[in-house]
Every structure is written in structure tokens, then in C-alpha cells.
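User: I would like to learn how to read covalent links, helix environment and nonpolar packing from a set of coordinates. Could you take me through these features one by one?

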Amino acid sequence: MQANDAPSTRRGDAGRAADGSVRCPALVIAAPASGQGKTTVTAALARLHARQGRRVRVFKCGPDFLDPHWHQLASGAPVHQLDLWMTGAADCARRLHAAAQDADLLLIEGVMGLFDGERSVADLAMHFGIPVLAVVDASAMGGTLGAIVHGLRHYRDGLPWAGVLANRVATERHAGLLRAGLNDAADWLGALPRVAPAAGEGGPRLLPERHLGLVAAHELPDALQRLDAAADALAATPLGRMDADALRRRWCAEFAAPPEDAPPTPALLAGRTVAVGGDAAFCFVYDANLQTLERLGARVVRFSPLQDPALPPCDAVWLPGGYPELHAEALAANTGMQQSLRDHVAAGRAVWAECGGMMALFESITLQDGRRLPLWGLLPGHVTVQRRLAALGPQQLEVADGQVLRGHTFHYSTCDSSAAVRARTTRPHAPEGGAPGEALYRHGSVQASYFHAWFASNPRATAALFSAA
């Protein structure tokens, strides 16, 4: 697959090519490091084109629960992950091909720096031939931008390239200094000023953050207005002024049809109902995971562990990650839900509790301010929230009979539990003798871990998480 400048077949015209491949304008939005503004630019670009009536599909590189909330609001379409290790190249290819059939523009937000990690954003861009748009925080630089752009563009031979957008630029004069430092004037796609939610200089961050990343879009009543402010600022740049024809001429990529011989997902959960927590305390859920449960034959129902007085009728429960530490008092006060979960476990029905979901099941929690509060007490032990990151990175977990799930870990808390440790995660490419991975605790019919699973990586292993002991 490779990008070129030939015009593409537009959605709704001649359709796909004879070999099943589809052409669509596409960009990978990357940066030299984290914190440069990738999410803001990706969401602004999606919002700008969606407002103009185009169908935009956005993807996020790597594991991330929070950025997709903003991209979904901006584009009006579901957002899925792309990761050459966690989701796999074949899964990426299927999702991109499917989206390209229905979209006028594909946007893929990178993670960390362009070349960071074992399977980097650059690797993904080169694998699928998608041009890279570099976003650089230029707030404290001038001509040095040219050196950074030169390095990003030429560090790896054959990297598809779109250009650079300078972010957080102070004035037009500042923008001129940045542009003058580029070796190739065609690289310049504009300067984006620091955008605040309200008019004027300064003010809070456009997309505010807390300890686990961005605040989710649905938590801010003015989230759409924030995106519109960013889209309005982007509309004044050369990048923002491009219409559909310009996008097709410059950045059209070809997405090959995936193989038709992918094995069907076995209906190992047919006839079973899986209740999935979903509210402000338990919001870290990949849509692809819900789809995997449905492909396994399960009926998926949602409930609020914070507000509902009891579980819905179900055979298994999934308590996903989120922010139980921000809602510990409300969780402890929901004694009806606590008793309902106890009854569920006493009946031998499965519970899969993941990261924040596991935290809520412990007996108590110590918050960052030193307060110790009770929790639900379905797992023996205590959890402590700390200010520094406790674990981060890709992980894999053997669930049962050699069935391995891929996923990741990211948490600021630690736990101390006497529950049986059934297994531990391992890190891909980790040297021998490294630190132990995340524990998979087993206590009655409860299985719990800090590990966030990507269910589609192994449906059979997923089914084992939701099956009775």
C-alpha cells in the first residue's frame, strides 16, 4: 500500500477497484514527543471537515481510552485503535479498509513520538503508506523547527510525508520565523495559535488533563464548543483551507482488501448475558471489546455501578477501568450494588474486573490526600493511589490452556492482596529476569487484574474470562 498524488475514486462513484482495494485521503498525525498537541489537532481537523459535510473516520494509535472520546465527538463516528502489536496488522488492515469504503477522510492520531516504541507510529505509517503530518509545539523555538522537521522527515528512508503544522505559535512574526527555517517550503502547513476555550489569550487548556490523561469529552458541558474553537483556528491555516479535491490530490492512500479467509469467531458465549459497567467511575471500554463479546454470542447489557441499585439479570459481569478513586465515597454508599455483586459471586457467576474495576472490589482505598475509605470488599486487600505512575506499557496474559490475550497496563495505584495469583502478565520484547508483570487474581468466581485486555486478540481467551469456574 502506498500513497501517491493521483486522484482517488470518490465515495459513491465507481466504488472499489477490481481487486477490492479502496483509495481514500488519509493522514497520520504524529509528533516528535508527547504533549505537542496531536489530539487537539486531530480532533480539530475532524471537526472542521465534519462541519463541512464530509464523512471523517478517526483512529487512535496504541492503547488509549480518553482521546477517542474527543475524536468521536468531533467526527460523529466510532473510533477504534490501531496497533501493530496489540491489535495486529491484520486487524488494522481490516478496519482501515472498511472505513475507507465509507469515508471522505481518514485520520490516525499517533502516540508518543513518531519513532518511539518497538512498533512505532512510523512503522504503522510505512506499513500502510499513509502520509505523516507532524505537529510540533513551536512555542519556544524559531528556526530550529526546520532541523526538527528535517530529522522527522528523513530519519527513516521511505517514510510517507505530508508536512508540518506548528502548534502554539505566538504571532504572525513568530510563524514567519518558523516557516523561514524549513528547507522545503512545501512542508509548511500552517501555524496554529494557542487556543483557549474562551476568547482572548491565556485561560485554561483547551482539552484539560488529569492524572490518567485528558478529561473525557462527555464530562465537559462545553466540549463541542472547545472543538469548534480549535476547528475555527485551524481553518485559517493552509491545512485547514484544503478542500476534498486538494486532500485527494495530495494524500490519497490505497487500502488493500483484507483476506476473506479469516476464521469465524466461535459462539462460546451463546445464550449468556454479560453486564458491562459504564459510568463516570467505569468508563474505560473499547467498543471493539464489546463487539467481540457480541461476536462470541453474548448479549451485552450496560449498567451503572455508581447509580443502579442492583445488577441487571446476567450470567457474567465486566467491571472495566476508570476512576473509582474519584468516586470512592459514592461507590461505598451504593450498598445495594455491593450486595448484588456479592450474591452474583456467591452463585458462582463470573466477574472480570480490570484495573479500576478491580480497585473497586478491594476492601479499602487510600487516596492521594491520605484519606482511607472503604470499598466493596469482594477482594481481600487494600489499594493505594500514588502521585507517580506505577506501570505503563504493552502486556500479554495467558488466561487458560495456553490462550493468550494481548493488552496493556497503565495505572497510578498499587494494591496489596492475599487473593490467589493465578498468573502474571509478560511484556513483549522484555529481557529475561525483568520485573514481574501484573497479577491475575482469582478469588471465588472473581478474576481481576490491572491488565487491560484487547478481547479481539484472542476471543477464546476472552470467553474464558466470562465463563463460570
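Analyst: Let us begin with the cysteines, bearing in mind that this is a predicted model. A disulfide is a covalent bond between the sulfur atoms of two cysteines. In this case, a search of the whole structure finds zero disulfides.

User: Why is C61 not bonded to the closest cysteine sulfur?

Analyst: A pair of cysteine sulfur atoms has to lie within 2.5 Å to count as a disulfide. The closest cysteine sulfur to that of C61 belongs to C92 and is 8.0 Å away, which is too far for a bond. As for their surroundings, C61 counts as buried because its relative accessibility is 3%, and C283, at 10%, counts as buried as well.

User: How many residues of helix 7 are buried, and which elements do they pack against?

Analyst: Helix 7 runs over residues 223-234 and spans 17 Å from its first C-alpha to its last, close to the 16 Å expected. Nine of its twelve residues are buried, so helix 7 is largely enclosed by the rest of the structure; among them are R226, D228 and L234. The buried residues of helix 7 pack against helix 1 (38-51) and helix 2 (67-75), and also against strand 7 (161-169) and strand 8 (188-193).

User: Which residues have the most contacts inside the largest nonpolar core?

Analyst: That core has 42 residues, and those with the most contacts inside it are L96, L106, I108, I130, L145 and F255. Helix 3 (residues 84-100) supplies the largest share of this core, with six residues. Another core, of 37 residues, lies apart from it and includes C314, L319, L331 and L375.

Methods: Residues are numbered from 1 along each chain as its sequence is written. This is a predicted model: local features need pLDDT of at least 70, side-chain atom pairs count only at pLDDT 80 or more; totals for chains, interfaces and linings use all residues. Side-chain values use heavy atoms; hydrogens and water are left out. Buried means under 20% relative accessible area, exposed over 50%, partly exposed in between (1.4 Å probe, protein chains only). A nonpolar core is a set of buried Ala, Val, Leu, Ile, Met, Phe, Trp, Tyr and Cys residues joined through side-chain atoms within 4.5 Å. Helices (H or I, at least four residues) and strands (E, at least two) are DSSP runs, numbered from the N terminus. The expected span of a helix is 1.5 Å times one less than its number of residues. Contact means heavy atoms within 4.5 Å.
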